[in-house]
Amino acid sequence: MQKNKIALSFDVEDWYHTPAISGSSFAKYPTIEDFFADWKGKIDCLSDGFFNLINLLDKHEIKATFFIVADVIERYPEIVDALKKRNHEIQCHSLHHVSAIDSKTKKEYQSQELWEKELVEAKQIIEKTFNTPIYGYRAPGAYFANWMVDILERNGFKYDSSVAYNSLYNKTNVTLNNIPTIPYFINPQDLSNKTPHAGLVELPWSYLKVSKYILPAAGAFFYRLLGNRYFNLVINQCLKNGDTMFYMHPLDFSNEKIPLTSNKTRPAYWINMGDTTLKRFEKFLIKYKQNITTCDEVYTRHLTK
Ligand SMILES: [Zn+2]
């Protein structure tokens with residue numbers, strides 16, 4: 001267990017990128033352009049959380065992977081500068097954080113052609129900005145379709161980290177079976193680890209198995225909700241099986257008051273943010289420091305197994 005690794009990753013996006021606000025079949029604003037055309041309130045809740053996080057990683061000398069939404073780059077130059085000064089791995093979290101499949105029907109919310117066009121544009125922007133090859137992908141909202149596998153491969157992506165077997169509901173367009181917690185070569189039909197074709201490697205989201213039940217984990221919302229006691233069980237179980245993945249958002253560590261876009265009550269998403277989560281997460285980092293590494297290292301370890 002000691003030698004197995006945790007791919008530590010962060011999805012760099014702001015509050016208005018989340019599927020309830022923009023870019024999904026159930027968003028208040030269908031696109032990010034609609035959001036910016038209409039929204040007159042506070043925009044930046046990301047920088048505060050990002051710098052809380054990056055300082056914590058500096059303090060503990062931990063290197064991780066940052067999946068970046070490409071449109072963050074032009075709006076948050078201080079974040080780009082801070083990442084350039086450090087040695088973290090940079091990868092791709094889409095152009096505008098659009099959930100590409102409809103949450104209910106699982107049909108395309110974005111056409112495959114548009115999805116590919118935005119993927120390529122995001123890859124180019126991030127590569128140019130950070131002067132580094134981009135070959136790792138995480139799907140916004142973990143909405144991942146089997147048709148994405150071929151497109152990712154033909155555009156030079158080597159690994160993906162989006163398949164969430166553990167979610168409260170299925171976020172893919174196939175019936176998920178045989179999804180492990182360890183990295184695997186992904187089957188382009190059913191996204192499983194059966195009959196792999198030695199192409200794209202999947203770093204799946206972690207989960208906790210209790211008899212026949214599979215409980216959600218992976219990090220972020222569930223981490224803020226359930227805390228270290230639960231996640232120690234998850235991570236310990238996953239590390240017994242092999243390498244695993246854990247993720248958060250810089251936004252999870254923000255003390256800013258996240259705006260509401262309507263008179264409705266605050267979405268459950270926003271619970272336990274800021275210093276509460278930062279303190280909790282520092283304990284997690286200390287406990288698992290020997291296991292924590294980047295997605296790239298976990299991907300490379302899979303290739304050499
Ligand atoms: Zn995201």
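Where is Q91 found? Q91 is found in strand β3. The model shown in these views is predicted.

**View 1. Q91 sits buried in strand β3.**
Q91 has 1% relative accessibility and therefore counts as buried. Beyond its neighbours within four places in sequence, Q91 is in contact with T65, F66, F67 and I68. The list of its contacts also includes I126, P133, I134, Y135, G136 and Y159. K123 lies 32 residues away from Q91 in sequence. In space, the C-alpha atoms of Q91 and K123 are 8.3 Å apart.

**View 2. Three side chains coordinate the zinc ion: E13, H93 and H97.**
E13 contributes OE to the zinc ion, while H93 and H97 each contribute NE2. The coordination distances run from 2.0 to 2.1 Å. Along the chain, the donors follow the spacing E-x79-H-x3-H. E13 lies in the loop between β1 (6-12) and α1 (32-38), and H93 in the loop between β3 (89-92) and α5 (112-130), so the pair ties together parts 80 residues apart in sequence. Are E13 and H93 buried or exposed? Both E13 and H93 are buried.

**View 3. T294 occupies the loop between β11 and α9.**
Strand β11 covers 292-293, and helix α9 covers 295-303. T294 counts as buried because its relative accessibility is 5%. Which residues does T294 contact, leaving aside its neighbours within four places in sequence? They are A7, K63, A64, T65 and E89. L56 is 238 residues from T294 along the chain. The C-alpha atoms of T294 and L56 are separated by 16 Å.

**View 4. N131 has a positive phi in an exposed loop position.**
Most residues other than glycine have a negative phi. N131 is not a glycine, yet its phi is about 50°. N131 is placed in the loop between α5 and β4 (136-137). Its relative accessibility is 71%, so N131 counts as exposed.

**View 5. L191 has a positive phi in a buried loop position.**
Phi of L191 is near 65°, a positive value in a residue other than glycine. L191 lies in the loop between β6 (184-185) and β7 (201-202). Is L191 buried or exposed? L191 counts as buried because its relative accessibility is 0%.

**View 6. The whole chain gives the setting for the close-ups.**
How many helices and strands does the chain have? The chain has nine helices and eleven strands. Its C-alpha atoms fill a box of roughly 50 × 45 × 40 Å, taken along the principal axes. For 305 residues, a compact globule would have a radius of gyration near 19 Å; the chain has 18 Å, which agrees. Of the 305 residues, 59% count as buried. Consider contacts between residues at least 6 apart in sequence: 73% of them join residues at least 24 apart. The chain exposes about 13,100 Å². Carbon and sulfur atoms supply 51% of that exposed area. The chain carries 37 positive and 34 negative charges. The mean positions of the positive and negative charges are 8 Å apart.

Definitions and conventions. Residues are numbered from 1 along each chain as its sequence is written. This is a predicted model: local features need pLDDT of at least 70, side-chain atom pairs count only at pLDDT 80 or more; totals for chains, interfaces and linings use all residues. Side-chain values use heavy atoms; hydrogens and water are left out. Helices (H or I, at least four residues) and strands (E, at least two) are DSSP runs, numbered from the N terminus. The radius of gyration is taken over C-alpha atoms; the globule rule is 2.2 Å times the number of residues to the power 0.38. Buried means under 20% relative accessible area, exposed over 50%, partly exposed in between (1.4 Å probe, protein chains only). Contact means heavy atoms within 4.5 Å. Accessible areas come from the Shrake-Rupley method with a 1.4 Å probe; for residues, only the protein chains shown count as cover. Lys and Arg count as positive and Asp and Glu as negative; His and the chain ends are not counted. The place of a charge is taken as NZ of Lys, CZ of Arg, CG of Asp or CD of Glu. Donors are N, O and S atoms within 2.8 Å of the metal (3.2 Å for Na, K and Ca); water is not among the atoms, so sites may look incomplete.
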